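Here is a short tour for anyone opening this structure for the first time. Have a look at the sequence and the model, and then we'll walk through a few spots together.

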Amino acid sequence: MANDVPSLASLHAFVLVAETGSLSAAAARLNVTQPAVSKRLRELEARLGVPLLRRGANLVRLTEAGAAYAEALGEGFARIRAATAALPGGSRPVRVLAYTTWALRWLIPRLAGFRTAHPGVEVEVSTSTDAHAASDARADVAVRTSPADTPPAPGALRLQPVLLAPFAAPALARGRSLAGLRLLASRVRPNDWALWHAAHGLAPASAPLVFESTTLAIQAAMEGMGAVICSPAFVERELRRRTLRRLAPDTIPAGDHYWLIRPVGPLRPAVAAFTDWLLEEVAEPSCPP
């Protein structure tokens with residue numbers, strides 16, 4: 001093995017692949033192509049003389065040596081970030097990247113509580129409906145969905161299960177039945193109605209009217225366009241104001257969870273404070289409207 005330290009570019013690429021579990025996600029963070037990331041990893045393994053990754057058709061896994069190396073390097077890069085933040089003018093907001101509806105309807109209504117508990121920490125929220133949005137290099141932490149037993153990245157923390165129930169405007173919900181109602185869904189979650197019908201032993205439904213995000217589908221339901229399916233937590237305000245009504249008393253699990261993706265290794269204090277607060281918030285049971 002060479003005595004000199006490998007290039008910072010190859011080390012950074014390896015750490016990001018370890019964090020995200022994806023060559024394409026690491027490439028997006030570095031603003032380079034996926035082949036460029038692959039080349040850096042091959043050069044790193046050749047220099048070290050140790051295989052760090054197991055590569056499959058659409059899968060990248062760390063070897064035992066790779067996992068240990070990634071953990072140590074992650075701590076080193078975390079110290080670099082912390083040292084940078086400690087410089088005069090180095091402090092910056094916590095940048096959160098999340099799905100549009102989760103951010104708008106779950107996170108943002110609770111952020112006032114975070115600011116009360118941590119008055120010196122600012123939080124910037126960016127949103128996307130892209131399932132791979134967690135690869136955005138501007139984010140300190142990201143929230144995305146993945147099956148309950150499959151973390152989307154090493155070190156990801158499970159937040160909440162994705163729950164589903166149907167809702168409609170009061171004028172359409174008088175009979176509390178889906179029969180005859182136009183079904184509304186989102187491009188991000190186009191199969192939720194099929195899950196609902198299967199869970200209740202109902203025949204497959206007709207294709208829903210699909211919107212870019214669940215937020216838009218909820219708004220369409222409020223306007224009387226049909227019935228939307230989403231988490232009850234996303235429409236708590238509308239249920240209290242009676243601009244939407246439940247069409248069924250039960251709620252079903254969709255089978256996946258929201259996950260918090262954070263950097264590997266020690267976190268800078270502001271990010272650690274936000275992470276701890278978020279975990280406390282998701283642990284609090286929601287009050288049924």
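## A first look around

Let's start with S10, which is buried, with a relative accessible area of just 4%. This is a predicted model, by the way. S10 is found in helix α1, and once its neighbours within four places in sequence are set aside, S10 is in contact with R40 and L44. Those two contacts lead over to helix α3, which spans 34-48.

Now step back for the whole picture. The protein has 289 residues, and 46% of them count as buried. Its secondary structure comes to 10 helices and 11 strands. Take the contacts with a separation of 6 or more: 76% of them are between residues 24 or more positions apart.

## Two pairs of helices

Two packed helices are described by the angle between their axes and the distance between the axes. Here are two such pairs from this model.

| Helix pair | Angle | Axis distance |
|---|---|---|
| α1 (residues 8-20) and α2 (residues 23-30) | about 125° | 8 Å |
| α5 (residues 100-107) and α10 (residues 269-283) | about 75° | 14 Å |

Take α1 and α2, which pack at an angle of about 125°. That angle makes α1 oblique to α2, and α1 passes α2 in a right-handed crossing. Who does the touching? On the α1 side the contact is made by H12, A13, L16, V17, E19 and T20, while α2 brings L23, A25, A26, R29 and L30. Sorted by class, the contact of α1 with α2 has seven nonpolar, two polar and two charged residues.

The other pair is set up another way. With an angle of about 75°, α5 and α10 are roughly perpendicular to each other. From α5, the residues W102, W106 and L107 meet F274, W277, L278, E281 and V282 of α10. By class, that contact of α5 with α10 has seven nonpolar residues, no polar ones and one charged residue.

## A helix that is largely enclosed

Back to α2 for a moment. Six of its eight residues are buried, so α2 is largely enclosed by the rest of the structure. Which residues of α2 are the buried ones? They are L23, A25, A26, A27, R29 and L30. The cover over these buried residues includes α1, α3 (34-48) and β2 (60-62).

Right after α2 comes N31, whose phi is positive, near 60°. Most residues other than glycine have a negative phi. R242 also has a positive phi, near 65°, and R242 is a residue other than glycine. You'll find R242 in the loop between α9 (236-241) and β10 (245-246). Is R242 buried or exposed? R242 is exposed, with a relative accessible area of 66%.

## Strands side by side

Next up is strand β3 (residues 94-99). Five of its six residues are buried, so β3 is largely enclosed by the rest of the structure. β3 pairs with strand β4 (residues 123-128) in the parallel sense, over six bridges. To see one of them, find V94, whose bridge partner in β4 is V123.

β3 also has a link to strand β5 (residues 141-147): the two run parallel and are joined by two bridges. Here L97 stands opposite A142 of β5.

While you're in β5, have a look at V143, which lies in this strand. V143 is buried, with a relative accessible area of 5%. Not counting residues up to four places away in sequence, V143 touches L97, A98, Y99, W102, L159, Y258, W259 and L260. One of these, W102, has already come up in the contact of α5 with α10. Y258 is another one to look for: V143 and Y258 are 115 residues apart along the chain, but their C-alpha atoms are separated by 6.5 Å.

## One last stop

We finish at R55, which has its place in strand β1 (residues 53-55). At 45% relative accessibility, R55 counts as partly exposed. Leaving aside its neighbours within four places in sequence, R55 is in contact with L41, R42 and E45.

Technical notes
Residues numbered from 1 in each chain as written. Predicted model: local features only at pLDDT ≥ 70, side-chain atom pairs only at ≥ 80, totals over all residues. Heavy atoms only, no water. Axes fitted to C-alpha atoms, helices over the stretch in contact; angles between N-to-C directions. Helix = DSSP H or I, 4+ residues; strand = E, 2+ residues; numbered from the N terminus. Parallel < 35°, antiparallel > 145°, perpendicular 65-115°, else oblique. Left-handed = near helix turned anticlockwise from the far one by under 90°. Contact = heavy atoms within 4.5 Å. Nonpolar A, V, L, I, M, F, W, Y, C, P; charged D, E, K, R; others polar. Buried < 20%, exposed > 50% of the residue type's maximum accessible area, 1.4 Å probe, protein only. Pairing = 2+ DSSP bridges.
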